[in-house]
Amino acid sequence: MSCDATADPSEEFKATRNWAFSHTGQHPSHRGYRETVTRFWRMTPTNGECL
């Protein structure tokens, strides 16, 4: 995780996983990766008010 290389953002896990496999193949000592996840929320109050 000390490498500055990054995969392109993707909604598909396979694309990111394949990037990591390829990167490790080119740099065998690079074996740890960090995943950053963005989760979107939509809130709809049931009584017209936010708590």
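Author: A quick convention to start: Ala, Val, Leu, Ile, Met, Phe, Trp, Tyr, Cys and Pro count as nonpolar, Asp, Glu, Lys and Arg as charged, and the others, Gly among them, as polar. This is a predicted model, in which local features need pLDDT of at least 70, side-chain atom pairs count only at pLDDT 80 or more, and totals for chains, interfaces and linings use all residues. Residues are numbered from 1 along each chain as its sequence is written, and side-chain values use heavy atoms, with hydrogens and water left out.

Reader: Thanks! By class, what does the lining of the largest pocket have?

Author: Happy to help. The lining of this pocket comprises 27 residues, and A7, T16, R34, E35 and T36 are the closest to its centre. Sorted by class, the lining has ten nonpolar, ten polar and seven charged residues.

Reader: Does H23 count as buried or exposed?

Author: H23 sits in helix α1, which spans residues 13-26. Buried means under 20% relative accessible area, exposed over 50%, and partly exposed in between (1.4 Å probe, protein chains only). H23 has 9% relative accessibility, so H23 counts as buried.

Reader: And which residues is T24 in contact with, leaving aside neighbours within four places in sequence?

Author: T24 also lies in helix α1, and at 26% relative accessibility T24 counts as partly exposed. Contact means heavy atoms within 4.5 Å. With those sequence neighbours left aside, the contacts of T24 are H30 and Y33.

Reader: How far apart in space are T24 and R34?

Author: R34 is among the residues closest to the centre of the largest pocket. In sequence, T24 and R34 are ten residues apart. From C-alpha to C-alpha, the distance between T24 and R34 is 14 Å.

Notes: Helices (H or I, at least four residues) and strands (E, at least two) are DSSP runs, numbered from the N terminus. On a 1 Å grid over the protein atoms alone, a cavity is a set of points where a 1.4 Å probe fits but cannot get out, and a pocket is an open set with protein on both sides within 12 Å along at least five of seven lines; lining residues have an atom within 4 Å of a point.
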